[in-house]
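Here is a friendly walk through the spaces, one helix and a few unusual backbone spots of this protein. Keep the 3D view open as you read.

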Amino acid sequence: MHILAIDQGTSGTKAIVTGADGTVLAIAEEPLRPGYLAGGAVEQDPLALLDSVFTAGRRAGAAAGVPLDAVALANQGETVLAWDRDTGAPLTPALVWQDRRAEAICAARAESAGKVAALTGLVLDPYFSAPKMRWIRDNLTTGGVVTTTDTWLVHQLCGAFVTDASTASRSLLLDLDSGRWHGELLDVFGLGAEALPDIVASDAVVGSTGAFGGDVPVTGLIVDQQAALLAESCLTAGTAKCTYGTGAFLLAQLGGAAARSRSGLSTSIAWRLRDAVDYCVDGQVYTAASAVRWLIDLGLITGADQLDVVAAADGAGVLCVPALAGLAAPWWDAGATASFSGMTLSTGRGHLVRAVLEGVAAQVAALTALVGDDLGTPLNRLRVDGGLTRSRVLMQAQADLAQLPVDVYPSPHATPLGAAACAALALDPALTAADVTGGWRPSATYEPEWSADRAADHLARWHAAAAATLSTP
């Protein structure tokens with residue numbers, strides 16, 4: 001079978017075509033750059049998103065030169081827009097998951113935070129979909145429908161009005177235990193009158209499209225981070241991965257138990273496949289590659305490929321808390337700001353670059369410890385993917401600070417490969433998730449070189465620096 005899998009992300013859209021054995025036959029990418037505006041606004045042009053999906057998909061399909069058997073779509077998860085269901089025309093910009101303008105909406109509902117957490121497994125925060133949906137209704141338009149971008153893109157492809165269970169679980173509107181929209185949650189956000197998409201499994205066929213040639217089934221719908229979790233074959237409880245993209249996202253498999261985090265992390269649906277639901281616990285670092293882009297914009301490096309060239313061999317005591325868009329789990333402080341500390345007249349750009357990379361790794365290390373607390377047993381390995389895994393400095397820092405072996409996924413296409421795996425399950429009922437994701441070997445493994453005491457000392461100093469960046473002590 002030949003599957004066109006599209007990963008519609010924050011910084012670009014990637015399309016791959018996979019062969020019968022899962023090998024990548026063709027790749028096409030279209031860059032996107034969100035608008036970072038005053039007041040914590042982060043927006044994308046929906047028509048640019050749509051054009052990137054069509055363009056990347058058609059380029060990949062043409063390069064592969066094979067008939068397609070399915071189209072799969074991985075999405076950003078919490079990015080939302082309003083659109084006209086009759087015409088498909090967007091009525092607003094897309095508010096990206098990083099957008100913080102709904103902070104006041106969450107603050108006004110603080111008394112509901114416990115109820116929301118108990119029902120959804122999530123924290124009441126603008127990161128998730130519902131607060132941004134409410135903000136759109138209050139500030140931009142009451143017309144059309146307001147949904148996550150996957151629903152709109154799928155509607156453009158085949159006319160369906162759907163979202164998959166993993167995406168729905170990131171909305172603050174889904175009862176995590178039943179897997180259904182919850183009226184009480186809708187009322188919390190004043191969204192009870194909204195038309196909501198049907199919730200489908202990631203191996204459901206939701207329609208067909210001629211956008212990429214022929215009449216091809218549309219299936220394999222899943223959140224990007226959960227798609228990577230699947231691709232990296234994190235199928236048993238306690239297996240975990242971290243994706244280093246615009247942000248860094250750590251997910252650990254929980255299996256069939258929707259256990260709520262006791263550590264300020266989020267519990268979501270990993271996927272619904274073969275009529276069964278798996279859950280995951282996750283934590284987020286808002287700025288990873290976006291922090292590297294910031295370094296580029298400042299002129300400290302010319303590109304991400306220069307990170308290891310410029311980074312100093314040692315941080316020389318310089319610490320960075322790269323909270324350029326606030327801090328997510330477990331702090332959940334949108335007002336937190338970035339900082340450098342420990343600088344002297346001898347500090348050079350190499351120390352600053354290393355400090356940024358170690359700051360990203362320190363946040364991920366904090367998440368690995370919290371995931372271990374929730375699981376009741378420490379993680380014993382971490383699987384990683386994403387563009388920043390090409391930085392040896394970052395990956396070694398990750399192994400050192402988390403005190404874990406770090407296994408690098410051998411393909412830079414984990415997210416679309418996860419979506420393709422879902423589509424393969426839709427096309428062949430005899431396959432299992434292990435059949436379509438197992439058997440990979442890491443392209444590199446980083447073992448901890450620091451002692452446990454050195455890592456603990458660094459993290460203690462870094463956590464003190466992070467505490468100083470919080471908007472409320």
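Strand S9 gives the largest share of the lining of the largest cavity, three residues. Bear in mind that this is a predicted model. A search of the whole structure turns up one cavity of 30 Å³ or more, and about 100 Å³ of space lies in it. Its lining has 14 residues, and the closest to the centre are Met133, Thr147, Thr148, Ser171 and Trp181. Helix H4 (129-139), strand S9 (145-148) and helix H6 (165-168) are the elements that give two or more residues to this lining. By class, the cavity lining divides into seven nonpolar, seven polar and no charged residues.

Now for the open spaces. Rolling a probe the size of a water molecule over the atoms shows where empty space is left. The two largest pockets are set side by side here.

| Pocket | Volume | Lining residues | Nearest the centre | Top contributor | Classes in the lining |
|---|---|---|---|---|---|
| Largest pocket | about 1100 Å³ | 47 residues | Ser11, Tyr244, Gly245, Thr246, Gly387 | H9, five residues | 18 nonpolar, 18 polar, eleven charged |
| Second largest pocket | about 450 Å³ | 24 residues | Asp21, Gly22, Thr23, Leu417, Val436 | H13, five residues | 14 nonpolar, eight polar, two charged |

Among the elements that give two or more residues to the lining of the largest pocket are strand S2 (12-18), strand S3 (24-31), helix H9 (289-298) and helix H13 (414-427). In the second largest pocket, H13 and helix H14 (433-437) each supply at least two lining residues.

Next, have a look at helix H15, residues 452-469. At 1.5 Å a residue, its 18 residues should span 26 Å, and the C-alpha atoms at its ends are indeed 26 Å apart. Which residues of H15 are buried? They are Ala455, His458, Leu459, Trp462, Ala465, Ala466 and Thr469. Viewed down the axis of H15, these buried residues fall within an arc of 120 degrees, so they line one face of the helix. Asp453, Ala460 and Ala468 are exposed on the other side of H15. The cover over the buried residues of H15 includes strand S20 (319-321), strand S21 (339-341), helix H11 (349-375) and helix H12 (392-402).

A few backbone details are worth finding too. Most residues other than glycine have a negative phi, and most peptide bonds are trans. The peptide bond from Ala329 to Pro330 is cis, with omega near 0 degrees, and Pro330 lies in the loop between S20 and S21.

Leu172 is not a glycine, yet it has a positive phi of about 70 degrees. You will find Leu172 in the loop between H6 and strand S11 (174-175). Is Leu172 buried or exposed? Leu172 has a relative accessible area of 1%, under the 20% cut-off, so it counts as buried.

Asp275, also not a glycine, has a positive phi of about 65 degrees. Asp275 sits in the loop between strand S18 (266-273) and strand S19 (276-285). With a relative accessible area of 80%, over the 50% cut-off, Asp275 counts as exposed.

Last comes Ser52, in helix H1 (residues 46-64). Ser52 is buried, with a relative accessible area of 2%. Leaving aside neighbours within four places in sequence, Ser52 is in contact with Gln8, Thr13, Glu30, Leu32 and Gly57. The C-alpha atoms of Ser52 and Ala15 are separated by 9.5 Å, and these two residues are 37 residues apart along the chain.

Conventions: Residues numbered from 1 in each chain as written. Predicted model: local features only at pLDDT ≥ 70, side-chain atom pairs only at ≥ 80, totals over all residues. Heavy atoms only, no water. 1 Å grid on protein atoms, 1.4 Å probe; cavity = no way out; pocket = protein on both sides within 12 Å on 5 of 7 lines; lining within 4 Å. Points joined across faces, edges and corners; volume = space filled by probe spheres on them. Helix = DSSP H or I, 4+ residues; strand = E, 2+ residues; numbered from the N terminus. Nonpolar A, V, L, I, M, F, W, Y, C, P; charged D, E, K, R; others polar. Expected span 1.5 Å × (residues − 1). Buried < 20%, exposed > 50% of the residue type's maximum accessible area, 1.4 Å probe, protein only. Arc of directions from axis to C-beta. Contact = heavy atoms within 4.5 Å.
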